[in-house]
Amino acid sequence: MTRLRGVVFFALIGAVTALALLSRLPVDSPLSSDTIPLAAFETSSASPIPDRQLEVTPPIVDNPEATSLPLPTLSVASPAEPTPVPPVVEAAALLGQPPDSSGENPASLPATPAAEGWSPPSLPVPLARHPYDHYWFIRPVTSAHVNSGLIRYPYGSTGTNKDLRIHHGIDIANPVGVEVLAVADGTVVWSGRGHHNQYESITAFGNTVVVQHNLGYRGKAVYTLYAHLSAILVEPGEQISAGQLIGLIGATGQVSGPHVHFEVRVDRNSYYAVRNPDLWLAPYAGTGVIAGRVEFPDGRPADELEVRLVSRNTGRTTHRTLTYAGFGVNSDDLWNENFTIPDVPVGQYLLTSHFGAIRWSGEIEVREGMTNWVEMEVRGAGSSP
Ligand SMILES: [Zn+2]
């Protein structure tokens with residue numbers, strides 16, 4: 001009953017709080033007060049969890065031959081292990097970053113209303129129209145609300161102003177009290193204040209739920225984490241199914257406004273075992289996900305560069321994102337991307353990026369319900385795409 005009263009209470013204050021907070025775009029605040037034990041960098045023994053049966057469904061496009069699709073250069077036969085960087089670097093990147101007042105006022109960041117307010121239905125899961133794909137999760141918020149991540153603080157970035165801590169998940173912003181759903185079947189392995197286990201002790205998450213899913217990925221366990229909840233509606237050990245209500249959106253922990261911080265973790269239930277949720281949450285109908293890698297000619301990834309997406313139909317820039325900042329976040333085991341753009345309407349696009357005089361560009365046709373890999377090629381200085 002206490003929990004039920006809590007729900008009612010937060011639902012009531014939700015409407016009031018939402019009005020007060022809607023003008024403030026929420027993001028996580030730096031994890032300055034958290035301790036990340038070095039155990040986070042140890043690798044666990046292999047999980048016995050079997051892979052999910054890959055259900056490769058053909059895309060709803062003409063001639064969907066998988067062999068015609070551009071693939072990243074990474075070999076399937078020797079998949080990349082997540083490569084944790086030295087603990088000193090990790091710890092410094094996280095703990096040494098002081099709270100930044102500009103990060104507390106993200107309302108000043110560029111708005112992206114088209115994407116943040118647009119929530120059409122997602123495609124049914126599991127969805128894998130490319131052999132590398134694993135769109136096995138529904139969105140943790142229904143399409144009646146905003147259910148895409150904040151574009152100005154994508155996974156792997158430090159935010160548009162580059163003043164936030166590196167983002168290990170995505171932020172789905174909604175008023176306090178909006179329902180948060182499990183993205184797939186599984187078992188609740190954590191519910192409580194912060195997140196504390198053998199790998200980490202993070203209080204900044206506020207009220208948090210972690211689910212270990214029944215499916216595995218390449219022999220590894222898969223977890224999802226839901227943070228900053230106003231109410232928790234499940235208990236550890238509970239078996240839950242996809243779409244089940246597990247909590248309510250809130251603003252607990254270190255946040256600047258109400259949202260759910262959502263992470264996907266593979267192999268270990270660790271802050272350093274995250275993957276990009278954009279590659280796990282089924283795209284909206286009529287859209288696909290763009291993934292790519294901006295790298296220097298010697299193969300080093302180009303960190304924290306803006307990537308612009310231009311529609312070939314309109315000639316307009318429809319989206320801007322950032323390449324991964326480098327420390328502590330992982331690329332997909334097979335795609336090896338360092339940026340993604342989710343929920344891109346099908347069509348022809350040009351992507352560009354630059355670092356000083358070095359310019360990259362790539363062309364892509366976005367197909368529905370799948371990852372669309374774009375080859376970002378160096379064009380050199382001064383050349384126009
Ligand atoms: Zn977040």
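## Three-stranded sheet

In this predicted model, three strands make an open sheet with mixed pairing, in the order E13-E10-E16. At its edges are strand E13 (339-345) and E16, each of which pairs on one side only. From one strand to the next, the twist averages 30 degrees.

Strand E10 (residues 287-292) and E16 run parallel and are joined by four bridges. Within this pairing, valine 289 has threonine 371 of E16 as its bridge partner, and glycine 292 stands opposite valine 374 of E16. Threonine 371 and valine 374 also appear in the burial pattern of strand E16 (residues 371-374), where both faces are covered. On one side Thr371 and Trp373 are buried, and on the other side Asn372 and Val374 are buried. E16 is thus an edge strand of its sheet with buried residues on both faces.

## Five-stranded sheet

Another open sheet has five strands, ordered E12-E11-E14-E15-E17, and its pairing is antiparallel. Strand E12 (317-322) and strand E17 (377-378) are at the edges; each has a single partner strand, so one side of each lacks a neighbour in the sheet.

For E12, pairing with strand E11 (residues 306-311) is antiparallel and involves five bridges. One position in this pairing is glutamate 306, which stands opposite leucine 322 in E12.

## Pairings of strand E3

Strand E3 (residues 186-196) pairs with strand E4 (residues 201-217) in the antiparallel sense, over nine bridges. The connection from E3 to E4 is a hairpin of four residues. In this pairing, histidine 195 stands opposite isoleucine 202 of E4.

E3 also pairs with strand E6 (residues 239-240), again in the antiparallel sense, over two bridges. Here glycine 186 has isoleucine 240 of E6 as its bridge partner.

## Nonpolar core

What is the size of the largest nonpolar core, and which residues have the most contacts inside it? The core has 88 residues, and those with the most contacts inside it are Val180, Val209, Tyr226, Leu229, Ile246 and Val260. Strand E5 (residues 220-232) gives the largest share of this core, with nine residues. In soluble globular proteins, nonpolar side chains tend to be buried together.

Valine 180 shows how parts of the chain come together in this region. Beyond its neighbours within four places in sequence, valine 180 is in contact with Pro140, Val141, Tyr226, Leu229, Ile246, Gly247, Leu248, Ile249 and Val260. Among these partners, Tyr226, Leu229, Ile246 and Val260 are also listed with the residues that have the most contacts inside the core.

## Whole chain and confidence

The chain has three helices and 17 strands. Of its 385 residues, 49% are buried. Among contacts between residues at least 6 apart in sequence, 71% join residues at least 24 apart.

The average pLDDT of the chain is 77, and 68% of the residues score at least 70. Two stretches have low values. Over residues 6-25 the pLDDT stays under 50, and the model has 31 contacts beyond four places in sequence for these residues. Over residues 30-115 the pLDDT is also below 50, and this stretch has 139 contacts in the model beyond near neighbours in sequence.

Terms used. Residues are numbered from 1 along each chain as its sequence is written. This is a predicted model: local features need pLDDT of at least 70, side-chain atom pairs count only at pLDDT 80 or more; totals for chains, interfaces and linings use all residues. pLDDT is the predictor's confidence in each residue, from 0 to 100. Two residues are in contact if their C-beta atoms, placed from the backbone, lie within 7 Å. A residue is buried if 20 or more other C-beta atoms lie within 10 Å of its own, exposed if 12 or fewer, and partly exposed in between; C-beta atoms are placed from the backbone. Two strands pair if DSSP finds at least two bridges between them. Axes are lines fitted to C-alpha atoms, for helices over the stretch in contact, and angles run from 0 to 180 degrees between N-to-C directions. A nonpolar core is a set of buried Ala, Val, Leu, Ile, Met, Phe, Trp, Tyr and Cys residues joined through C-beta atoms within 7 Å.
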